[in-house]
2 protein chains.
Amino acid sequence: MSMKIAVDAMGGDHAPEHPIAGALLAARELGAKIVLVGQKDRIEDILEDHQSSPNIEIVHADEVIGMDESPATALRRKRGSSIHKAAQLLREGEVGGVVSAGNTGAVMVTTKLYAGSIEGVDRPALSVVLPTLLGHVVLLDVGANIDPKSQHLVQFGVMGHFLSTQILGVENPKVGLLSIGEEAGKGTDLIREGHAALKRSPLNFIGNVESNDIYSGATDVVVCDGFTGNVVLKTSEAVVETMLYLLRDELTSSRRGKLGARLARESFRNYRKRVDYAEWGGANLLGIKGSCVICHGRSSAKAIKSGIRVALEYGHQRVSERIEEALRGLGNGETEVSSSPAAAAGSSD
Amino acid sequence: MSMKIAVDAMGGDHAPEHPIAGALLAARELGAKIVLVGQKDRIEDILEDHQSSPNIEIVHADEVIGMDESPATALRRKRGSSIHKAAQLLREGEVGGVVSAGNTGAVMVTTKLYAGSIEGVDRPALSVVLPTLLGHVVLLDVGANIDPKSQHLVQFGVMGHFLSTQILGVENPKVGLLSIGEEAGKGTDLIREGHAALKRSPLNFIGNVESNDIYSGATDVVVCDGFTGNVVLKTSEAVVETMLYLLRDELTSSRRGKLGARLARESFRNYRKRVDYAEWGGANLLGIKGSCVICHGRSSAKAIKSGIRVALEYGHQRVSERIEEALRGLGNGETEVSSSPAAAAGSSD
């Protein structure tokens, strides 16, 4: 239990306050060993206001990459940034994972470059875990590869499979391919070829699924290209925001509405929490050496803590190693992937 | 004001009751002349229960296409269906438009085949009007073309422009191209080429937009390929359903929640209405000769009436003709499209 996690203290809408507070929560509640990366003076200032923890250390980084900066430019020009330093620590094995609520593109590109991909993965993919009516679903890719080939969709499926078994504890997760109709012949060329390739794979492939299947809980893993996945994610966020706005609008437009809302405020608080995507724990960059969790820009301290928890579990459950093994087996024509979280966890001890 | 509209009496989850009730509402409240297409005996039985209207006539059609039947198979094998008959009436000029809450694919394929495209439109597109925080947005294509070329995106933009000006009354509507980042260089090849083509067009092109811009009201028309648009639409529907389910779940799980919900029930009723996509008036198949509105399968009588209203306005505002003229102008290198709803309406008198 000595794996360290680098937390980008400068990333996010509420940096450095929330990342630091989240790191302290994780250090205290999870016993996590954290390396806070960022401007040392500012970090120390904030740490002074909190009860200190022996599990926290600081690595200084001069520069800060803005939330809206171009990832490519940031990669080239800001080599002294907290994101670069965190990625370097991952590469050097100083930490087992990186957690950042900063510029998603910059974190993704930089971490991919420094840490490198695991064997068998041509293209690391960004995954998110979304709440469904029944539990959770893993959606990937949500933005790392806008133009993948069918074999990459199979790799996404394998990565999603192990995130689902090892982190969410799902046994033999169902894997679906996102399309606009359930028939195998429907969809783009990528969908048709991806469908055939996934069918041949040892995954528990249930065929094509539609967007409504994501939230109904009909499937455990949903695979798609990064363009489509990004659209699904951002559309979901936009509809959630719009629905919350309209609900508030209706409830505040009459006396009875206001009164009812005040009476039921506990229910509304729980509701907001259940649908707040900032609390879902962030996106996971799968297929790189080590773990990288990218939290939502507006993450609370609690959301950062969740991200750290996921990064730690990712390492302890040896998710990267399992993906590597499975992809090697796939290359050798194996027709099974280990699918029981209990058995898999047992074999790693 | 003598244009007739064919209403598919057999299409939808609540057929033939809701389509017939919707037709009667439209006949009475809008003075619309309706041709109900479907099984004559069943239609007459239901009409007997209502106050009759001189504006309603019936055209018999033996067969019914199920909501889940394959559109291609239905097109070939069920030539006696209500959808076929309605499309034939449109082709023969007996009606100016078709309204159906039936199998979207079957209505689209059949109507396209019978009515044909207007000049300059290579690929008719399916559009929807979605509610935003500020008003409405036209999104197209949502499923007719999964693999369009950049010139088709421009045609979609022109069609969306005229739906926005003529039906929604928007002056000089802003047209955006759906992508996953606002930079012109980002996205797939289609996005990059589409961006360049739209920039050269006389449309009020504001550049690439993201899913959150759809619902914020930042743009009036959003153009995309039919695969992406369909994913946006179905994701939106799924998130709306999930959010309503979770809200009910939270409110009914405590005494205070239940009490508050009862007190504010008027607000909740209005809220549900605002977010119920069945009430948004359906999808419009743009670019065919005549109008074709495809309502949501679970449409109420009121939603069917809205669909009929849109089909009528589409004809009266000469939307098809305006699209044809604009596309001809585009071919001749014209750099302006008529953009004022008032001026345009005036010139048609």
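User: What makes α12 (residues 301-316) of chain B pass for a regular helix in length?

Analyst: This is a predicted model, to be clear up front. Helix α12 of chain B has 16 residues and spans 23 Å from its first C-alpha to its last. Set that against the 22 Å expected at 1.5 Å a residue, and the span comes out close to the expected one.

User: Which residues of α12(B) are called buried, and what is the cut-off for that word?

Analyst: The label needs 20 or more other C-beta atoms within 10 Å of a residue's own. In α12(B), the residues that get it include B:Ala303, B:Ile304, B:Lys305, B:Arg309, B:Leu312 and B:Tyr314. B:Gly307 and B:Ile308 are among them too.

User: What do those buried residues pack against?

Analyst: Strands β1 (4-8), β4 (97-100), β10 (283-286) and β11 (291-294), plus helices α1 (17-29) and α13 (319-331), all in chain B. After α12(B) comes B:Arg318, with a positive phi near 55°.

User: How do you know what kind of axis relates chain A to chain B?

Analyst: Lay chain A on chain B: a turn of 180° and a shift of 0.0 Å along the axis do it, with an RMSD of 0.0 Å. That is how a two-fold axis relates copies, so that's the name. The same surface serves both chains, since 100% of the contact residues of chain A recur in chain B.

User: Which residue of chain A comes closest to the rotation axis?

Analyst: A:Gly260, with its C-alpha at 1.9 Å.

User: How many residues are in contact between chains A and B, and which helix of chain A gives the most?

Analyst: A contact needs C-beta atoms within 7 Å. By that test, 45 residues of chain A are in contact with 45 of chain B. On the chain A side, α8 (211-216), α9 (226-251), α10 (255-263) and α11 (265-275) each supply at least two residues. The most comes from α9(A), with 19 residues. By type, the chain A side divides into 22 nonpolar, 15 polar and eight charged.

User: What are the two domains of chain A, and how many residues touch between them?

Analyst: The domain assignment gives domain 1 (4-116 + 288-317) and domain 2 (128-277). Their centres, taken over C-alpha atoms, are 26 Å apart. Six residues of domain 1 of chain A are in contact with four of domain 2. Helix α12 of chain A gives the largest share of the domain 1 side, three residues. That side divides into three nonpolar, two polar and one charged.

Notes:
Residues are numbered from 1 along each chain as its sequence is written. Chains are lettered from A and ligands numbered from 1 in the order in which they are written. This is a predicted model: local features need pLDDT of at least 70, side-chain atom pairs count only at pLDDT 80 or more; totals for chains, interfaces and linings use all residues. Two residues are in contact if their C-beta atoms, placed from the backbone, lie within 7 Å. Helices (H or I, at least four residues) and strands (E, at least two) are DSSP runs, numbered from the N terminus. Ala, Val, Leu, Ile, Met, Phe, Trp, Tyr, Cys and Pro count as nonpolar, Asp, Glu, Lys and Arg as charged, and the others, Gly among them, as polar. Copies are superposed by least squares on the C-alpha atoms of residues with pLDDT of at least 70 in both. The expected span of a helix is 1.5 Å times one less than its number of residues. A residue is buried if 20 or more other C-beta atoms lie within 10 Å of its own, exposed if 12 or fewer, and partly exposed in between; C-beta atoms are placed from the backbone. Domain bounds come from an automatic or database domain assignment.
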